Every structure is written in structure tokens, then in C-alpha cells.
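Here are my notes for your first look at this one. Keep the viewer open and find each piece as you read.

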Amino acid sequence: MNLTALAPRVCFEASKNATLDFRVGLRDKKIIIKISVAFLARPTDLERFTPIGTFLHRAKKKQRRDFWALRELCRKPALWDAGKRFLLSHELAHIYHHHICRNPATHAESRRDEKQADLTATEFSEDIEIEGGIRFFQIVGKYQQIEEEDHPAPHVRVAYLQTRRDALRSGKAVRSPVLPARPLPTDRPSAKIN
Ligand SMILES: [Zn+2]
């Protein structure tokens with residue numbers, strides 16, 4: 001699959017669930033970036049009486065945990081905005097690595113893909129965006145009760161992102177100004193949204 005040929009077919013979809021999910025996948029030869037409505041909320045929208053606040057308050061139990069995490073994230077709006085840019089970079093890294101062209105065979109493979117996307121995202125993120133990403137995983141980890149097998153645990157993501165951030169700050173690591181071109185994959189097709 002030549003992803004370059006799909007470039008004009010990148011679509012954003014707002015997901016009607018209220019979880020803090022941000023995903024990318026391939027469907028009908030289109031790259032779909034799926035954003036939960038929760039990402040679009042401003043701190044003032046989270047009050048009970050506003051339309052988004054009412055919607056989020058009525059969300060199912062799992063989604064309510066994400067709601068509390070969202071409330072905490074919104075307390076530092078500038079850092080939360082930077083965090084959202086980091087998460088978008090993470091999804092773009094999944095496209096860059098062609099992860100969306102195949103389904104991982106195992107949970108371990110999926111976790112490797114996620115870590116690779118996190119670390120690639122740091123290549124095109126400013127320091128504050130990496131900081132926002134770290135804060136996102138810290139807060140999500142605080143409210144998450146069940147660990148997802150196909151993603152590294154939030155505290156694991158926090159640890160390797162902090163290491164990477166520190167290496168960039170101290171000059172032990174440098175960002176690649178331009179990422180090298182990726183060879184096209186010869187993979188199994190997939191409709192999976194990661
Ligand atoms: Zn991912």
C-alpha cells in the first residue's frame with residue numbers, strides 16, 4: 001500500500017464516545033484519524049450544565065474515569081494543548097512507520113509499535129509537547145484501573161519519555177531535522193484502528 005498516494009485521503013472523524021482515545025487507522029483506502037469529542041472540550045465546557053459537560057457526565061462508567069482525568073488535564077490548559085499536539089504526533093508516527101498497514105500479531109508487538117510511535121513523536125515535538133505527553137500519561141495512569149495489553153502501561157511510557165526528554169535537554173540526543181524516507185511495506189492489509 002502506497003501511503004503517499006493516500007495523502008489526500010486523510011480524514012478526521014469525531015468519535016461520539018467520551019473516552020480519551022485518539023486513534024489512527026486505514027479504512028476504505030483512507031487514513032482515518034479518530035478523535036474523541038472529549039479532546040475538543042475546553043475547561044469551561046466541563047461544567048455540568050453545558051452541552052459537552054452534560055454529555056460527559058452521562059457517559060458510561062469507564063468513560064467517567066476518562067472524564068475525571070480530562071478535568072485534571074484541563075487544569076493546565078497550555079500544557080494540555082501541548083499534550084494533544086504530542087498525541088497527534090504519536091498518531092502521525094504510526095502512519096510514518098506504516099503500523100496502520102498491518103495488525104500486530106501479538107500484544108508484545110503492539111506494545112513495541114506504541115513505544116516506537118511515542119519515541120518517533122519526540123522527533124517532531126517541542127520540549128513542552130513532550131512535557132504535555134508525559135503529563136497526559138501520568139494523569140491517565142492515575143485514573144486507569146485496567147491495563148491495556150496492547151499499549152505499554154502509562155508509567156512505562158512516562159519513564160521512557162522522561163529519559164528521552166532529559167537526553168534531548170542535555171544534548172545527549174538530538175532530533176533528526178528531517179526524517180528519512182521510509183521504504184514502502186509489503187504487509188498484510190488491515191482495517192485496524194490503533
Ligand atoms: Zn498508538
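1. First, some vocabulary: helices (H or I, at least four residues) and strands (E, at least two) are DSSP runs, numbered from the N terminus. Counted that way, the chain has 6 helices and 3 strands. Walk along the sequence and you get the pattern β-β-β-α-α-α-α-α-α. Bear in mind that this is a predicted model.

2. Next, the whole chain. It has 194 residues, and 25% of them count as buried. Now take the contacts between residues at least 6 apart in sequence: 65% of these join residues at least 24 apart.

3. Have a look at the loop between strand E2 (22–27) and strand E3 (30–36), where you will find Asp 28. Its phi is near 50°, a positive value in a residue other than glycine. Lys 29 is found in that E2–E3 loop too, and the phi of Lys 29 is near 60°, again positive in a non-glycine residue. Are these two buried or exposed? Asp 28 is exposed, because 8 other C-beta atoms lie within 10 Å and a residue with 12 or fewer counts as exposed. Lys 29 has 10 C-beta neighbours inside 10 Å, so it counts as exposed as well.

4. On to helix H3, residues 77–96. Here is a check you can do yourself: at 1.5 Å a residue, the 20 residues of H3 should span 28 Å, and the end C-alpha atoms are 28 Å apart, which agrees. The buried residues of H3 include Trp 80, Phe 86, Leu 87, His 90 and Ile 95. After H3 comes His 98, with a positive phi near 60°.

5. How do H3 and H4 pack? Their angle is about 115°, with the axes 8 Å apart, so the two helices are roughly perpendicular to each other. H3 passes H4 in a right-handed crossing. On the H3 side the contact is made by Phe 86, Ser 89, His 90, Ala 93, His 94 and Tyr 96, and on the H4 side by Ala 117, Asp 118, Thr 120 and Ala 121. Sorted by class, this contact has 5 nonpolar, 4 polar and 1 charged residues. Phe 86, Ser 89, His 90, Ala 93 and His 94 are also among the buried residues of H3.

6. Now compare that with helix H4 (residues 107–123) against helix H6 (residues 154–170), which pack at an angle of about 25° with their axes 11 Å apart. These two are therefore roughly parallel to each other. The crossing of H4 past H6 is right-handed. Lys 115, Asp 118, Leu 119 and Thr 122 of H4 make the contact with Arg 157, Tyr 160, Leu 161, Arg 164 and Leu 168 of H6. Those residues divide into 4 nonpolar, 1 polar and 4 charged. Notice that Asp 118 turns up in the contact with H3 as well.

7. Helix H5 covers residues 127–143, and you can repeat the length check: its 17 residues should span 24 Å at 1.5 Å a residue, and its end C-alpha atoms are 25 Å apart, which agrees. Its buried residues are Glu 129, Ile 130, Gly 132, Gly 133, Ile 134, Phe 136, Phe 137 and Ile 139.

8. H5 and H6 pack at an angle of about 160°, with their axes 9 Å apart, so this pair is roughly antiparallel. Here the crossing of H5 past H6 is left-handed. The H5 residues in the contact include Ile 130, Ile 134 and Phe 137, and those of H6 include Val 158, Leu 161 and Arg 165. By class, the contact divides into 7 nonpolar, 5 polar and 5 charged residues.

9. Last stop: Ile 130, in helix H5. Why does Ile 130 count as buried? It has 23 C-beta neighbours inside 10 Å, and 20 or more is the cut-off for buried. Leaving out residues up to four places away in sequence, Ile 130 touches Phe 86, Thr 122, Ser 125, Leu 161 and Arg 165. Try one distance in your viewer too: Ile 130 and Arg 85 are 45 residues apart in sequence, and 9.0 Å apart in space from C-alpha to C-alpha.

Conventions. Residues numbered from 1 in each chain as written. Predicted model: local features only at pLDDT ≥ 70, side-chain atom pairs only at ≥ 80, totals over all residues. Expected span 1.5 Å × (residues − 1). Axes fitted to C-alpha atoms, helices over the stretch in contact; angles between N-to-C directions. Parallel < 35°, antiparallel > 145°, perpendicular 65-115°, else oblique. Left-handed = near helix turned anticlockwise from the far one by under 90°. Contact = placed C-beta atoms within 7 Å. Nonpolar A, V, L, I, M, F, W, Y, C, P; charged D, E, K, R; others polar.
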